[in-house]
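The following exercises concern a pocket and the strands around it. Work through each task before reading its solution.

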Amino acid sequence: MTTDTPADVRVTQAWSRIVEWLAEYAQPSYAALRPGACEDEITAAEEALGVSVPEELKALWRLSAGEDGVAGSGLMLGAWALMPLDAVIEVHRTRMRLQDGMDDTADEDALALWKPSWIPFCSFDPDDTDDGLYVDGVTGEVAQWTRFGECEREYASLPAYLELMAVSLEAPLTAAGPEKPGMVGGALVWGPPRDEEREDRWRRHLGEAPPRHPAKTLGAIRGALPGEAGEEFDERRDALDLADPEAVAAFLDHWWERAVRAQKELEDDVAAALGGNIMARPGHELAPEYEATLPPAIRHLPPSLHDISAALRHESVRARFSQDLMDSIPPHYPALLLRWWDIARLMADPRGDRAVRAVVNGRRTAG
């Protein structure tokens with residue numbers, strides 16, 4: 001993938017999408033992010049490292065200067081933790097001390113344990129920094145280091161890594177590789193986790209839609225309320241003095257909050273229902289017991305297999321769609337088809353198109 005967009009701008013755009021997703025779906029992980037670093041803090045870190053930090057990494061630090069970790073895992077793609085700046089400096093210094101002992105070798109490059117231009121930014125977790133990811137300040141590539149001194153290229157660039165993470169969250173059925181987005185106690189955990197205790201609690205994220213809040217109008221609020229609450233709303237609305245702006249505003253605020261709670265409860269019920277064996281034929285009417293659980297806005301026919309296949313356009317992506325249908329037996333057709341319809345619409349945007357195809361094809365180093 002080639003682009004004329006500067007690397008630091010791509011980082012800002014991708015990270016903004018990631019943070020927006022965390023705020024919507026994984027509040028504990030969102031809360032674990034540290035604030036962005038100011039220019040003085042970044043300059044001090046650069047001086048402590050003794051090398052120039054790539055602009056794309058500075059852009060990331062300006063937005064989030066590390067995380068505190070949650071649910072025993074980092075939130076970055078691959079289950080890495082975003083390192084605080086003090087940890088970045090400490091790891092770089094420690095690795096450079098190891099390298100200094102190798103400087104009298106005949107071939108420094110062949111036995112390089114660490115180079116000054118390698119800037120770490122992710123580690124196994126915030127407290128375990130023996131393994132992680134670094135950005136090569138010379139090539140821009142992202143590579144993994146281990147406690148045994150091994151280094152292996154993983155991604156073409158930091159923007160490519162973050163864009164892959166963003167699209168894996170936004171279109172989770174296309175997530176390439178072994179790492180899938182999921183939840184433990186509401187926190188983002190890439191998995192399945194290796195330890196049995198967390199694996200039992202881990203639930204893969206399948207792109208469930210966030211609650212759709214009603215507009216703050218009388219009609220929209222009334223439509224979102226269940227039966228008994230709706231009847232109470234009608235009585236109080238009829239008694240409301242519409243000539244009193246403050247009374248009307250207070251009425252709207254109170255009932256809008258109740259409507260939002262009602263929709264959230266309905267969405268939770270739908271999510272629980274999708275965890276069961278609910279069958280619906282694609283392109284046909286939904287089963288009455290399933291349709292009754294859906295918010296009015298999505299009580300419609302799921303798109304047909306032909307509609308989605310035609311909209312995906314690319315053979316490799318259509319093949320992945322077909323494989324997902326085969327792997328989902330019995331398939332939860334409403335959720336699966338609506339998710340792939342979202343993916344098809346994402347691919348209508350050129351940047352989203354490239355990102356989705358890169359994920360589906362498993363090109364982890366595409367950049």
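**Exercise 1.** State which strands each supply at least two residues of the lining of the second largest pocket.

*Solution.* Strand S2 (118–125), strand S5 (151–155) and strand S7 (187–191) each do so. Strands here are DSSP runs (E, at least two residues) and helices are likewise DSSP runs (H or I, at least four), numbered from the N terminus. S7 gives the largest share, 3 residues.

The model is predicted: local features need pLDDT of at least 70, side-chain atom pairs count only at pLDDT 80 or more, and totals for chains, interfaces and linings use all residues. Residues are numbered from 1 along each chain as its sequence is written, and side-chain values use heavy atoms, with hydrogens and water left out.

**Exercise 2.** Describe the second largest pocket by volume and lining.

*Solution.* Step 1: its space is about 560 Å³. A pocket is an open set of points on a 1 Å grid over the protein atoms alone, where a 1.4 Å probe fits, with protein on both sides within 12 Å along at least five of seven lines; lining residues have an atom within 4 Å of a point. Grid points are joined across faces, edges and corners, and the volume is the space filled by probe spheres set on the points.

Step 2: the lining holds 24 residues, and Gly78, Ala79, Phe124, Glu179 and Arg194 lie nearest the centre.

Step 3: by class, the lining has 11 nonpolar, 6 polar and 7 charged residues. Nonpolar covers Ala, Val, Leu, Ile, Met, Phe, Trp, Tyr, Cys and Pro; charged covers Asp, Glu, Lys and Arg; the others, Gly among them, are polar.

**Exercise 3.** Place S2 in its sheet and explain why it is largely enclosed by the rest of the structure.

*Solution.* Step 1: 5 strands form an open antiparallel sheet in the order S1-S2-S3-S4-S5. Its edge strands, S1 and S5, each pair on one side only. Pairing requires at least two DSSP bridges.

Step 2: S2 pairs antiparallel with S1 (residues 81–82) over 2 bridges, and 6 bridges join S2 to the antiparallel S3 (residues 128–136). S2 and S3 form a hairpin with 2 residues between them. Cys122 of S2 stands opposite Leu82, and its bridge partner in S3 is Leu133.

Step 3: S2 is largely enclosed because 6 of its 8 residues are buried (under 20% relative accessible area, 1.4 Å probe, protein chains only).

Conventions
Buried < 20%, exposed > 50% of the residue type's maximum accessible area, 1.4 Å probe, protein only.
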